[in-house]
Amino acid sequence: RHEALKTFFINVLSLPADLAEEGACRIEHAAPVEIINRLTLLVRFLEETPIAHGIAASFAAFCEQEQGKEGHTG
């Protein structure tokens, strides 16, 4: 459960490993096994499907762009 969540946070949500680790520790005890299983399938789908892999990469770039905007004032 822990590794599935951590992998999802890193590979799909493009979160840093330390934050992914912390989030996985907190959520693994609360999330139903069906949700963990579905997240695992989603990660596998994104890794194995060429068009989905491109979407995941685009999302990572989008996240970086949005984080850059948050750092600017005015």
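This briefing walks through the fold, the helix packing and two individual residues of the structure above. The model is a predicted one. Its secondary structure comes to four helices and zero strands, and from the N terminus on the elements run α-α-α-α. Let's start with the whole chain and then move in to the helices.

**Overall picture**

- The protein has 74 residues, and 26% of them count as buried.
- Along its principal axes, the C-alpha trace spans about 45 × 30 × 15 Å.
- Among contacts with a separation of 6 or more, 55% are between residues 24 or more positions apart.

**Helix α1 and its buried side**

- Helix α1 covers residues 2-11, and its buried residues are His2, Leu5, Lys6, Phe8 and Phe9.
- These buried residues lie on the same side of α1, because they cover an arc of only 160° around the axis.
- A handy reminder here is that an α-helix has 3.6 residues a turn, so residues three or four places apart point the same way.
- The cover over the buried residues of α1 includes α2 (17-27) and α3 (33-48).

**Helix α2 and its two faces**

- In α2, the buried residues are Ala20, Gly23 and Ala24.
- Their arc around the axis is only 100°, so they sit on the same side of α2.
- Turned away from that buried side is a face that carries the exposed residues Asp18 and Arg26.
- Helix α1 is included in what covers the buried residues of α2.

**How α1 packs against α2**

- Two packed helices are described by the angle between their axes and the distance between the axes.
- For α1 and α2, the axes come within 8 Å and cross at roughly 140°.
- That angle makes α1 oblique to α2, because only angles over 145 degrees count as roughly antiparallel.
- The crossing in which α1 passes α2 is right-handed.
- On the α1 side, the contact is made by His2, Leu5, Lys6, Phe9 and Ile10.
- On the α2 side, the contact is made by Ala17, Ala20, Glu21, Gly23, Ala24, Cys25 and Ile27.
- Sorted by class, this contact of α1 with α2 has eight nonpolar, two polar and two charged residues.
- Several names recur here: Leu5 and Phe9, for example, are buried in α1 and also take part in the contact with α2.
- From α2, Ala20, Gly23 and Ala24 are likewise buried and part of the contact with α1.

**Serine 14, in the loop**

- Serine 14 has its place in the loop between α1 and α2.
- Its phi is near 55°, which is a positive value in a residue other than glycine.
- For context, most residues other than glycine have a negative phi.
- Serine 14 counts as partly exposed, because its relative accessibility is 28% and the partly exposed class lies between 20% and 50%.

**Isoleucine 36, in helix α3**

- Isoleucine 36 is found in helix α3.
- With a relative accessible area of 4%, isoleucine 36 is under the 20% cut-off and therefore buried.
- Leaving out residues up to four places away in sequence, isoleucine 36 touches Arg1, Ala4, Leu5 and Ala31.
- One of these partners, Leu5, is also among the buried residues of α1 and among those that α1 brings to its contact with α2.
- Isoleucine 36 and glycine 23 are 13 residues apart in sequence, and their C-alpha atoms are 13 Å apart in space.

Key:
Residues are numbered from 1 along each chain as its sequence is written. This is a predicted model: local features need pLDDT of at least 70, side-chain atom pairs count only at pLDDT 80 or more; totals for chains, interfaces and linings use all residues. Side-chain values use heavy atoms; hydrogens and water are left out. Buried means under 20% relative accessible area, exposed over 50%, partly exposed in between (1.4 Å probe, protein chains only). Helices (H or I, at least four residues) and strands (E, at least two) are DSSP runs, numbered from the N terminus. The arc is that of the directions from the helix axis to the C-beta atoms. Contact means heavy atoms within 4.5 Å. Axes are lines fitted to C-alpha atoms, for helices over the stretch in contact, and angles run from 0 to 180 degrees between N-to-C directions. Angles under 35 degrees count as roughly parallel, over 145 as roughly antiparallel, 65 to 115 as roughly perpendicular and the rest as oblique. A crossing is left-handed if the near helix is turned anticlockwise from the far one by less than a right angle, and right-handed if clockwise. Ala, Val, Leu, Ile, Met, Phe, Trp, Tyr, Cys and Pro count as nonpolar, Asp, Glu, Lys and Arg as charged, and the others, Gly among them, as polar.
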